Amino acid sequence: VAGCPVFPQLRPLMAGKEPLLHTGNSHNAMDQPQLLKLMSVTSKIRKVAADLDPKLPTVLVSSPYANRKEYTNVGARKQRRLARHLAVCCTVMFAEGFYATQMFPYVSTMTEELRGDTELIGPYTGLLYTSQSVGMLLSAYVWAAASNRYGRRICLIFGVSFNIATSFFLACSTDYWITVFLRILAGLTNNNLSILRTSLREFFMQLGADDTTAFSMLSVAFGASSVAGPSVGGLLYIRLPGVDGAFLQPWAPPFLLCTAMYCVSLAVIVTWLPETSSLDHRNKQETVLIEKDPKGGVQRLLRELKFILLLIMAGGHSYIFTGWELVYPLFARLHRDAGGEDWLTSDIGLTFLVGSIGLMSYSLLVYPKVAKLGSTINIWIWQWVLPILIMPIFPRLVQYALIHGYHHKGAVLHLLNFGSQLIMSILLGSKFISVQLLLNNYVAGQQELLALANGYLVSTQALVRAMSPLSTGSLFTFGVQGHMTGLALPFDHLALAGLVCGVAFAGAFAHI
């Protein structure tokens with residue numbers, strides 16, 4: 001350009017100028033801003049000169065500031081899409097968690113009113129609650145294959161739509177066996193959690209984003225629903241004055257609220273949830289192979305020892321988590337003469353609230369950072385240490401404090417209860433994130449199996465959560481009668497289950 005006859009005025013400026021170094025500095029005394037301005041002018045001159053003389057090569061000029069602005073806009077759009085997808089998933093997760101936990105305070109009373117009899121109330125209550133988990137387990141494979149063939153979004157729409165119908169019919173049901181049938185039907189038509197997790201994982205993979213924080217947010221949503229569900233469900237379980245019992249049962253208000261939540265979930269899915277599954281010909285062929293190949297799909301997963309160990313780890317964790325949530329209130333409410341703490345329901349509720357707030361804070365603020373410090377399986381194993389120690393020690397410390405004259409609602413007992421519940425909620429509750437990350441990594445190279453693996457994970461957790469109250473409650477009754485280790489018996493068996501399923505099987509999983 002300096003030699004171009006069209007722009008002779010540039011010759012003095014360009015004379016003696018050496019090219020820039022890779023650092024952006026020139027060899028002369030000219031300052032950097034002035035030189036950059038000169039280069040910009042020179043680039044424009046080259047483009048004009050090329051337009052005037054077609055024989056000259058055309059130079060494409062791009063501004064680094066424009067590129068930076070475009071990159072920023074793309075990054076902002078990506079973050080908005082991720083946040084919107086996560087918000088939809090958290091909305092559905094909250095509705096599912098609320099539906100599952102709102103029955104806790106009144107399921108036994110509901111069973112009694114449906115049957116009109118208190119005989120064998122325990123087994124019938126367990127059957128009513130377990131029936132939906134049985135349905136989910138039976139339909140897990142079908143829903144996984146359907147979501148691979150027809151897409152995650154359409155299956156979620158159908159699943160939530162069926163939830164709206166079954167929760168409405170449950171609100172109107174007045175017969176025990178019809179209610180059990182409706183619960184089984186609700187399980188058969190509901191595999192939303194596994195499909196939801198699959199969709200979230202796929203969306204973050206497609207955009208190249210880390211999903212650890214996303215699954216932590218799912219845990220926060222489930223923790224919030226676990227707090228709201230029992231409290232709201234218990235408050236809404238009322239017989240409205242002046243309303244005919246044949247028309248509106250006491251359990252109708254909480255189930256109708258679940259219906260409304262599912263309607264909101266359906267609206268956000270239809271409006272904002274994109275399809276994340278690849279529905280091209282190749283993916284359909286993979287789905288057909290999963291359905292027909294005897295060595296593929298469900299049989300392939302269930303024949304892999306490492307996957308079986310993962311299911312045992314997840315099932316054992318759910319068993320212990322649910323068992324603690326059952327046996328701790330039983331122990332705390334028990335009269336002091338029988339070895340309990342004689343706490344009120346409000347005291348126990350406050351303890352659970354402290355634990356839930358701790359879990360949500362830990363999942364949102366701490367766990368994503370902890371996950372970057374080491375492998376997920378190591379975090380899983382080390383987070384079992386304190387719960388395994390606390391479960392057998394807690395009831396014995398409480399009884400020791402009461403025997404030595406400490407007030408049952410004094411500072412020492414509050415510290416024991418709040419501290420134990422806080423640690424148990426944080427370390428056990430955050431394991432739901434860990435087990436999901438372990439499963440995601442396990443099927444990372446087999447994406448066609450992600451939906452199926454999630455289906456079996458969710459179904460195993462649901463089935464075990466239904467079994468845990470029966471066995472833990474029976475052991476508590478056995479302990480109250482003074483057998484073996486007394487009131488510590490159910491806590492001891494939970495600690496043993498954690499040692500076997502949480503540590504031993506996890507060690508085998510890590511070394512295969």
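Let's start with aromatic pairs: a search of the whole structure turns up 21 of them. Please keep in mind as we go that this is a predicted model.

How do we describe such a pair? A pair of aromatic rings is described by the distance of the centres and the angle of the planes. Take Tyr106 and Tyr237: their ring centres are 4.6 Å apart and their planes meet at 15°, so this pair is stacked, the cut-off being under 30 degrees. If you find these two tyrosines on your screen, look at where each one comes from. Tyr106 belongs to the loop between helix 3 (64-101) and helix 4 (107-115), while Tyr237 belongs to the loop between helix 9 (212-236) and helix 10 (252-272). The pair therefore links distant parts of the chain, 131 residues apart.

Are these two tyrosines buried or exposed? Tyr106 has a relative accessibility of 2%, so it counts as buried. Tyr237 is buried too, with a relative accessible area of 14%.

Some rings form a group. Trp324, Tyr328, Phe331, Phe352, Phe394 and Phe491 are linked by ring pairs into a cluster.

Rings also have charged residues over them here. Arg115 lies over the face of Tyr124, 3.6 Å from the ring centre. Lys306 lies over the face of Phe509, and there the distance to the ring centre is 4.9 Å.

Now let's go back to helix 4. Which of its residues are buried? Val107, Met110, Thr111 and Leu114 are. They cover an arc of only 100° around the axis, so they lie on the same side of helix 4. After helix 4 comes Gly116, with a positive phi near 70°.

That brings me to another positive phi. Most residues other than glycine have a negative phi. Asp342 is a residue other than glycine, yet its phi is positive, near 60°. You'll find Asp342 in the loop between helix 13 and helix 14 (345-371). With a relative accessible area of 24%, Asp342 is partly exposed.

Next, let's see how two helices meet. Helix 13 covers residues 305-333 and helix 19 covers residues 450-480; their axes come within 7 Å and cross at roughly 35°. The crossing of helix 13 with helix 19 is right-handed. What sort of residues make up this contact, by class? There are 14 nonpolar, 10 polar and 1 charged.

While we're on helix 19, have a look at Leu470, which lies in this helix. Leu470 is partly exposed, at 40% relative accessibility. Its C-alpha is 9.4 Å from that of Thr125, although Leu470 and Thr125 are 345 residues apart in sequence.

Moving on along the chain, Leu487 sits in the loop between helix 19 and helix 20 (489-511). Leu487 is buried, with a relative accessible area of 6%. What is the C-alpha to C-alpha distance between Leu487 and Gly339? It is 7.4 Å, with their positions 148 residues apart in sequence.

One last stop is helix 14, where we find Pro368. Pro368 counts as buried, at 10% relative accessibility. Pro368 and Ile433 are 65 residues apart along the chain, and their C-alpha atoms are separated by 9.8 Å.

If you want one place to begin exploring, try the stacked pair of Tyr106 and Tyr237. Thanks for listening!

How values were computed
Residues numbered from 1 in each chain as written. Predicted model: local features only at pLDDT ≥ 70, side-chain atom pairs only at ≥ 80, totals over all residues. Heavy atoms only, no water. Axes fitted to C-alpha atoms, helices over the stretch in contact; angles between N-to-C directions. Helix = DSSP H or I, 4+ residues; strand = E, 2+ residues; numbered from the N terminus. Left-handed = near helix turned anticlockwise from the far one by under 90°. Nonpolar A, V, L, I, M, F, W, Y, C, P; charged D, E, K, R; others polar. Phe/Tyr/Trp six-rings, centres within 6.5 Å; stacked < 30°, edge-to-face > 60°. Buried < 20%, exposed > 50% of the residue type's maximum accessible area, 1.4 Å probe, protein only. Lys NZ or Arg CZ within 6 Å of the ring centre and 35° of its normal. Arc of directions from axis to C-beta.
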